[in-house]
Amino acid sequence: MRLLKSIDIKKAASWAGSLLMVVSLGFILRRILQTHGDVDFTVFSNPVILAALLSVALLEGTGIVFASLNYRALVKNISGIRVKSPLAVTTYTVSNLYKYIPGGVMYVLGRNKMAIDTDNLSHGKVAFATFIEGALFAIAAGVIAVAFSFEHSASYIRDEVGIPIGFIIIVTTAALTAGFLVYRFRNRIAAFYRNLRNDTRDIRWTVLIKRFACAFVLIFLWAFSFLATLMLLGQNVTFGMGITVMGLYMLSWVAGFLTPGAPSGLGVREVVMLMFMANTLNEGILISAMFMHRMLTVVGDVSAYGMALAYAQVRKRIRNTE
């Protein structure tokens with residue numbers, strides 16, 4: 001009876017995952033159709049540029065596969081349980097497609113298939129690994145944003161925006177509200193902190209540094225992919241400006257990542273990029289690059305899933321021949 005229930009749960013999870021993937025692809029297509037205006041598609045007539053853009057997409061997809069292996073290692077560091085690599089890579093790349101579903105939580109829930117299909121691996125450990133991964137990504141992106149574009153961002157805020165009284169009121173109100181919420185839920189925060197300490201007690205700092213280094217490489221790769229897209233579309237960029245663009249892209253990435261309910265940062269990321277880059281870069285090329293890079297990211301996400309399926313099939317054939 002228990003075995004039957006286990007099989008039913010696995011089948012239900014598999015069907016639910018397939019349905020969510022279809023829904024995710026639907027949201028992706030809808031967003032692309034809604035935001036294609038004012039974009040120059042003539043670049044596709046140049047086979048060299050087209051090949052270069054597709055290479056950027058494959059680079060994005062390869063990065064997602066690399067991220068899945070880093071996540072698998074993180075789950076092992078936290079739980080002491082090794083997830084089979086085909087399961088980890090396939091589950092991670094499928095759930096990565098769920099990020100396009102509004103709400104921003106389905107991709108987190110999708111990773112729990114690892115716990116369903118792996119003996120003795122709890123859902124809590126998988127969720128905690130997701131939390132740690134997100135924190136490492138946010139920190140790495142923040143480091144790049146500050147190191148690469150702090151001077152440009154500070155100058156823009158000082159010269160273009162200023163510090164109006166309304167901004168001061170909003171910041172003060174937000175700080176007071178945050179303080180009240182911390183005081184109101186202090187017991188729950190303390191309990192969460194105790195659980196966090198218990199879960200991280202067996203994780204060495206060297207392990208976290210290694211996982212952070214992998215996250216940093218991935219974040220740098222994504223920032224570089226946007227810069228490459230911008231240059232392929234005709235924007236002339238000096239070395240210094242290229243560094244600034246990568247930093248500003250990561251600033252927009254963090255803004256989208258931290259905004260609740262924004263699927264894959266859609267809308268938020270583009271607004272921040274326009275705000276900080278429009279006065280420095282060609283606005284037409286910038287708009288085209290934002291849309292094109294979003295398309296390349298989607299192609300990369302889907303190609304990562306294809307790579308995962310191919311990897312799983314290769315591993316299966318190797319096991320069958322042994």
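Is Ala127 buried, exposed or partly exposed? In this predicted model, Ala127 has a relative accessibility of 37%. Buried means under 20% and exposed means over 50%, so Ala127 counts as partly exposed. The residue sits in helix 6, which covers residues 123-161. Asn112 lies 15 residues away from Ala127 along the chain, and the two C-alpha atoms are separated by 7.4 Å.

The protein as a whole is built from helices. There are 12 helices and zero strands. Read along the sequence, the pattern is α-α-α-α-α-α-α-α-α-α-α-α. The protein has 322 residues, and 40% of them count as buried. Contacts with a separation of 6 or more were also examined. Of these, 78% join residues 24 or more positions apart.

Helix 2 takes part in two of the packings described here, with helix 9 and with helix 3. Helix 2 spans residues 47-79, and helix 9 spans residues 205-232. Their axes lie 10 Å apart, at an angle of about 165°. Angles over 145 degrees count as roughly antiparallel, so helix 2 is roughly antiparallel to helix 9. The crossing of helix 2 and helix 9 is left-handed. In their contact, 18 residues are nonpolar, five are polar and two are charged.

Helix 2 meets helix 3 at another angle. The axes of helix 2 and helix 3 come within 9 Å and cross at roughly 120°. The two helices are therefore oblique to each other. Helix 2 passes helix 3 in a right-handed crossing. On the helix 2 side, the contact includes Ile64, Val65, Ala67 and Tyr71. On the helix 3 side, the residues include Ala88, Val89, Tyr92 and Asn96. Eight residues of this contact are nonpolar, four are polar and one is charged.

Helix 3 itself covers residues 85-97. Its 13 residues should span 18 Å at 1.5 Å a residue, because the expected span counts one less than the number of residues. The end C-alpha atoms of helix 3 are 19 Å apart, which agrees. What is the burial of helix 3? For helix 3, 13 of the 13 residues are buried, so the helix is largely enclosed by the rest of the structure.

Helix 10 and helix 11 form a further pair. Helix 10 runs over residues 239-258, and helix 11 over residues 268-277. Their axes come within 8 Å and cross at roughly 145°. This crossing is right-handed. Among the helix 10 residues in the contact are Val245, Leu248, Tyr249 and Trp253. They belong to a set that meets helix 11 residues including Val268, Arg269, Met273 and Phe276. The contact of helix 10 with helix 11 divides into 11 nonpolar residues, two polar and one charged.

Val314 lies in helix 12, which covers residues 283-321. Its relative accessible area is 44%. That value falls between the 20% and 50% cut-offs, so Val314 is partly exposed. Pro86 is 228 residues away from Val314 along the chain. Even so, the C-alpha atoms of Val314 and Pro86 are separated by 9.4 Å.

How values were computed:
Residues numbered from 1 in each chain as written. Predicted model: local features only at pLDDT ≥ 70, side-chain atom pairs only at ≥ 80, totals over all residues. Heavy atoms only, no water. Axes fitted to C-alpha atoms, helices over the stretch in contact; angles between N-to-C directions. Helix = DSSP H or I, 4+ residues; strand = E, 2+ residues; numbered from the N terminus. Parallel < 35°, antiparallel > 145°, perpendicular 65-115°, else oblique. Left-handed = near helix turned anticlockwise from the far one by under 90°. Nonpolar A, V, L, I, M, F, W, Y, C, P; charged D, E, K, R; others polar. Buried < 20%, exposed > 50% of the residue type's maximum accessible area, 1.4 Å probe, protein only. Contact = heavy atoms within 4.5 Å.
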